[in-house]
Amino acid sequence: MEVKDEEQQFIPPPIDHQPSLQFSCLVNESSGSSSQILFIPQVKSDLIPQLGQEFDSLDHVQNFYNVYAKDSGFGIRSHSSRKNRQEEVVRKEFCCFKQGLGVRNTTQSTVRRRGITREGCGAKLAVVKKGDKFVVSQFVEGHNHPFASPTTVHLLRSHRKVSSVKKALAKQLAAANVKPSQQMSISELQSRGLESVVFLQQDLYNVERDMRKSLAEHDADLLYEHFQMEKERNDGFTFAIEKDDEGRITHCFWADATARKSYKYFGDVVVFDTTYNTNRYSLIFVPILGVNHHRQTTLFGCAFLCDETTESFEWLFNVWLRAMPAGPPRMIITDEDPAITKAIGNVLPNTHHRFCMWHITNKFSEKIGALSYKEYYDEFKNCIWNSETSEQFVVGWQQVLKKANLSDNDWLQNLYNIRERWVPAYMKHLFSAHMTSSQRAEISHAFFKKYVSSNNSLLDFVTRFERALSHIRHNETTQDHRDMTERPHLKTMYPMEKTMSELYTHEIFYIFQEELFQNVAYKVTCTLEDEHQCVYTIERKKGSGLRARQVVIDKSSNHVGCSCKMFECDGIPCRHMLAYFNHLFIDDLPNEYILLRWTKLAKAMRVSYDLGMGSREIRDISLLEQRLKLFNLASNVIDEALAFEGGPRLVEEMLCSAQKELFELNKVSGDGDGSSVQVSSIRAHSSKEQLQVRAKGYGKRLKGVKEKATKKARRCNGCGLTGQSHDKWNCPILLNASSQGTRFNYEDNEDEDHNDYDDADE
């Protein structure tokens, strides 16, 4: 390295790895004693721009200068341009990234603290247009700053680039819920080091941001095109979109062929619930769910709603019913919501509407006060779950209200007025597939939100939701395979047990098996018989104070019914009915007590509806699949080349030749940005960009910064006093009440699988 300085010599630090990154340091003396050190890159001669050098386009100029800059150790950017009257660029300058002087506003505080990079460097390359070519007219080679080392040159902005293939790959990885930080780790492994990756993690976040911006105004149209493509794949896919007067989506429903067929098999009981924070517009997501023959969650359709009004729910129910291959469900379970209740009454008048038990019991702690809750909630719970008849519930409810002095509680009074919609004693005769709450929907919401976020566009949400849904359906397929290839273990020698193990799915059989195993512990006694019916009392052979059940046989129809109502509610014969069958030496369970929806043949029926006969393949090869295929091919070729002398050189020549051909293809295609992996064009921009909506369950009102900073005084929910240092768990009043011998029970969590058919103490 040559250093020219009359008074001092500047010796730069040694440069590792790449000896081509060399430069000369010159002193540019001006008037007076002022002097400036100029750094001259020392690179290969064929990389240095020459005056009069011609290029086909400005892109070629920029690429050539950028290659020169990377080999030298600096970055470039576009500086200035001049156009003619035809708006054609006739002169263009590219300069060093340190050109100009950085100016910072020191009076205004900023969150991001960026350093100053511009130092007045004068290095630049200027071209002018002559005919169809761009000719180098000016080239300033010297820089007023040292160059980046070979290990850091890839961090300069002009040398960081996320190619179109990488962008498409990042999009597919994002659809698989792979975060940019994890994508960066994948690129690091593929490139064998971060220094070989030509972009930063922040660049991946910027790509995601730019993609959101570019699709923001076309989100609704892209969603419509996605639905149209799904319908082309399979005629069984159906969707409906409704817009307002300004062209914005207000309601959207979709269901594929699998969801519609599932409703035909398992649509007798439906769970309906809304959820929030699933997309950037805060549209309300409404999955319509049910339970299949493995007691797994299954989907019957999805929707977006802009609000939670009666009109919106009525629109959804009407569209959903038209899309389903069967009639209305027998029961629908929802949260207690006036708008949903009114809509169901108008659209589904013959469907029994049940309120979610979990939501109701979960509100007791805040509605009746901490003291009353701790002292009397067990009695409320016993009254709710263990009342055999509606008369028992009414008597028990009034007794607890009077004892707790809560007769004037408006919330409890309202619950009592709607008791037919949530108290089990009023609904044990109705089939509910062993569901008493919408917790199945709550669990599904939590599962789906692992795949989606509030930053998703509508199209992103749908594609990610479909991926999550495929996992749920794969679990169902796995259980179907298990039922076909495995046999459950038997506990007894009953012929009935062996027969039902071949009919029921594994999950249902194990419930039936437990009931059958327990029936031997009961004795059967005929207590009443007349010309119309015969009543048997079923009670345990040993034990006192246990509830006895009555099995009633209708002589005209030979129908057997039990007072526990397990078969009517769950569709599985209870131990009391099985004890009666065992008493009569009935070895095979009668067909009328075997529900098809719980058997392995539940999906054997043919759904003769416009659901399509299969998916038509549309060529859409995944970039991940293509990339893996090429990697494997290249790896095999390299391994074979290393096995003999001359092989590596042959492979290198072939790869260089292929690289040149690809470069020429990119030149022919235009901008060379990979048109084959670009986002599909939008046929017609007919929908306006969605606006942010705010649902009543979305959250509390928005607060300002000052209001958020103000700390709210602490309030004890036990004594009700504000500004105290204690809460209801260490409240002195509650502790004193507890020490006086009052028994409290803190266990208030109701499980969905609560079995209220087992014998309980009177």
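# Exercises on a seven-stranded sheet

Glu242 faces His251, a residue of strand 10. The model is predicted, with local features needing pLDDT of at least 70 and side-chain atom pairs counting only at pLDDT 80 or more, while totals for chains, interfaces and linings use all residues. Residues are numbered from 1 along each chain as its sequence is written, and side-chain values use heavy atoms, leaving out hydrogens and water.

**Exercise 1.** Find how strand 9 and strand 10 pair, and which residue of their hairpin takes a positive phi.

*Solution.* Start with the elements: helices (H or I, at least four residues) and strands (E, at least two) are DSSP runs, numbered from the N terminus. Two strands pair if DSSP finds at least two bridges between them. Strand 9 covers residues 238–243 and pairs with strand 10 in the antiparallel sense over six bridges. Five residues lie between the strands of this hairpin, and Gly247 has a positive phi near 85 degrees.

**Exercise 2.** State how many residues of strand 10 are buried, and name its partner residue for Cys252 in strand 13.

*Solution.* Buried means under 20% relative accessible area, exposed over 50%, and partly exposed in between (1.4 Å probe, protein chains only). In strand 10, residues 249–255, seven of seven residues are buried. Next, strand 10 runs antiparallel to strand 13 (residues 297–305), joined by four bridges. Cys252 stands opposite Phe304 of strand 13. Phe304 also has Phe285 opposite, and strand 12 (residues 284–291) pairs with strand 13 in the antiparallel sense over eight bridges.

**Exercise 3.** Give the strand order of the open sheet and its edge strands.

*Solution.* The order of the seven strands is 9-10-13-12-11-14-15, with mixed pairing. Strand 9 and strand 15 (352–355) are the edge strands, each pairing on one side only. From one strand to the next, the twist averages 20 degrees.

**Exercise 4.** Which strands does helix 6 touch, and what angle does its direction make with strand 13?

*Solution.* Contact means heavy atoms within 4.5 Å. Axes are lines fitted to C-alpha atoms, for helices over the stretch in contact, and angles run from 0 to 180 degrees between N-to-C directions. Helix 6 (residues 257–266) packs on the sheet and touches strand 9, strand 10, strand 11 (269–272), strand 12 and strand 13. Its direction makes about 125 degrees with that of strand 13. Helix 7 (residues 310–323) runs at about 25 degrees to strand 10.
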